[in-house]
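Q: I should like to learn how to read a structural model feature by feature. Could we work through one together?

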Amino acid sequence: MTDRRHLVERGAPALLLLALALAAIVPTPSGLRLDSADTEATERWASALDGLPAEPTILVAFDPDLGTYPEIRPTVRVAIADLLAMEARLAFVSLTPEGRALLLAELQRLERLDVNSARLLDLGFVPGAEAALVSLADGPTARVRAGAIARELATEGSAAFEALLVVGGNDIGPRSWVEQYVPRVDPRPVLAITPTVLLPEIQPYLASGQLDAVFGTPRDGATYRRSAELGSLERLREAPEPPASGLLLGMAVAIAALAHGWIARVARAAGGAGREQERP
Amino acid sequence: MRRPVVAALVIVVGILLLADFLVVNESLGEIAGLVIDAVILVAAGAALAGVVSLAWRRGYDLWRRRGDPIGAILVLVGIAAMLVAGLRPGAEGAGDPAVGWLVAALLAPIAATLFGLLFVTTIVAARRSLSGGARDAVLLVAAALVTLVLLLPVGGEVGDWLAQAAGWTLAVPVAAVFRGLLLGIAILAAVFAARTLLGIGATDD
């Protein structure tokens with residue numbers, strides 16, 4: 001390997017980082033966009049929320065993981081703002097340590113942004129995974145502290161929740177909630193926001209109607225964010241939106257690097273076959 | 001002696017929970033609730049034991065001057081920082097602002113950085129596997145290339161077509177393979193559960 005090529009290979013990651021940082025700063029060209037024309041997921045979401053009574057109490061199961069949360073974070077923040085904009089009361093619970101850590105950060109963000117704390121209730125962390133889901137179906141009263149939502153939960157138990165929103169991750173996602181929690185409580189809309197990696201396992205639940213609406217791809221999330229009208233809660237939206245130019249650049253680099261390796265491999269194979277034919 | 005006890009426990013707890021799920025009975029519900037609470041306590045205890053074991057192991061390694069001393073110090077300092085932030089006098093536990101800062105300003109960015117590095121390491125690994133010449137590596141990289149092209153954030157008609165194609169790929173071939181895997185795992189779990197219930201071990205094969 002020549003010194004020049006060695007230098008280029010060593011410096012490539014730093015150059016890529018620099019280019020990505022620049023792409024995040026410069027304005028996104030009009031031809032690039034994350035959202036799509038397919039609004040089915042957004043319509044299902046809106047339809048599920050339209051069926052809720054005024055000022056609904058919603059259980060938010062918050063169990064994303066640190067690795068995939070950046071993919072869904074902008075959508076989660078807009079969804080929470082959207083629910084608060086419709087005067088919903090949100091009770092948060094986590095079943096994984098990572099989900100709990102991320103929830104604490106999100107709750108502190110909501111506090112910093114002056115969200116009415118009377119509309120939020122932190123039910124804390126419940127260990128035990130599937131066993132915890134069964135326990136929550138019986139009612140989270142034991143973990144409830146104070147406030148209007150707490151009083152409602154103390155009297156009605158899990159029946160106080162008029163909808164369930166699952167923010168899923170690799171450990172606990174909509175599948176576990178549908179299998180362990182939903183059969184033990186009265187029917188209610190179940191919404192979910194998940195990283196793409198979970199989509200194949202939750203699609204059957206969506207098709208069967210056990211899940212009412214899912215944002216399971218970055219495109220669905222971006223389409224929803226574009227259409228969400230948050231009114232006075234626009235400040236809860238993540239700003240700036242993930243830059244499409246940065247994504248395109250990263251993907252283009254990945255495509256170029258993989259395609260180069262693939263072409264080189266095919267060329268080597270063709271060269272080897274040619275030499276075989278030339279042999280007497 | 002140990003195997004029949006485990007099998008008996010599994011059978012009793014399983015039947016109890018199933019009966020509670022199918023039959024509405026207050027006494028049964030209370031007993032099932034006790035069992036579930038016991039499971040939750042065991043899970044919480046196991047998590048705590050895991051943390052204590054990790055701290056003990058790293059502390060012992062440090063004391064015996066073996067392994068990775070910098071890694072051990074970082075683990076112990078991390079555990080201590082989180083405990084002090086949440087348990088110091090006057091702290092609000094897990095909801096304390098100091099704990100939130102440690103999570104939001106340190107833990108989440110560090111994890112995001114590690115996952116960001118996956119971008120580079122995955123490409124390097126893919127290129128290395130290609131240079132190895134294995135046919136499945138070529139197929140894997142070709143599939144990755146197609147997926148990347150389908151997910152390009154392009155607008156207009158081309159973007160809509162790519163989005164539709166990506167949706168179809170996720171809903172049909174990827175979902176089919178994934179569900180096949182899930183079914184296989186479910187069948188294996190059912191077989192393992194049946195073997196446990198019947199007390200069949202590896203020595204009986």
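The dialogue below treats overall form, the sheet around one strand, and the contact between two chains.

Q: What kind of model is this, and how are its parts numbered?

A: This is a predicted model, in which local features need pLDDT of at least 70 and side-chain atom pairs count only at pLDDT 80 or more, while totals for chains, interfaces and linings use all residues. Residues are numbered from 1 along each chain as its sequence is written, and chains are lettered from A and ligands numbered from 1 in the order in which they are written.

Q: How many helices and strands does chain A have?

A: Helices (H or I, at least four residues) and strands (E, at least two) are DSSP runs, numbered from the N terminus. Chain A has ten helices and six strands.

Q: Why is chain A described as more spread out than a compact globule?

A: The radius of gyration is taken over C-alpha atoms, and the globule rule is 2.2 Å times the number of residues to the power 0.38. For the 280 residues of chain A the rule gives 19 Å, but the radius of gyration is 23 Å, well over that value, so the chain is more spread out than a compact globule. Along the principal axes, its C-alpha atoms fill a box of roughly 90 × 45 × 35 Å.

Q: Are the residues of strand β5 of chain A buried or exposed?

A: A residue is buried if 20 or more other C-beta atoms, placed from the backbone, lie within 10 Å of its own, and exposed if 12 or fewer do. In β5(A) (residues 190–193), Val190(A) and Ala192(A) point one way, Leu191(A) and Ile193(A) the other, and all are buried.

Q: Which strands pair with β5(A)?

A: Two strands pair if DSSP finds at least two bridges between them. Strand β4(A) (residues 163–167) runs parallel to β5(A), joined by four bridges, and Val167(A) stands opposite Ile193(A). Strand β6(A) (residues 213–215) also pairs with β5(A) in the parallel sense, over three bridges; here Ile193(A) stands opposite Phe215(A).

Q: Which helix joins β4(A) and β5(A) in a β-α-β unit?

A: A crossover is right-handed if, with the strands pointing away from the viewer, the path from the first strand over the helix to the second runs clockwise. Helix α7(A) (residues 174–181) forms such a right-handed unit with β4(A) and β5(A). Another right-handed unit consists of β5(A), α8(A) and β6(A).

Q: How many residues does each chain give to the contact?

A: Two residues are in contact if their C-beta atoms, placed from the backbone, lie within 7 Å. Chain A gives 46 residues and chain B gives 51. On the side of chain A that touches chain B, α10(A) supplies the largest share, 13 residues.
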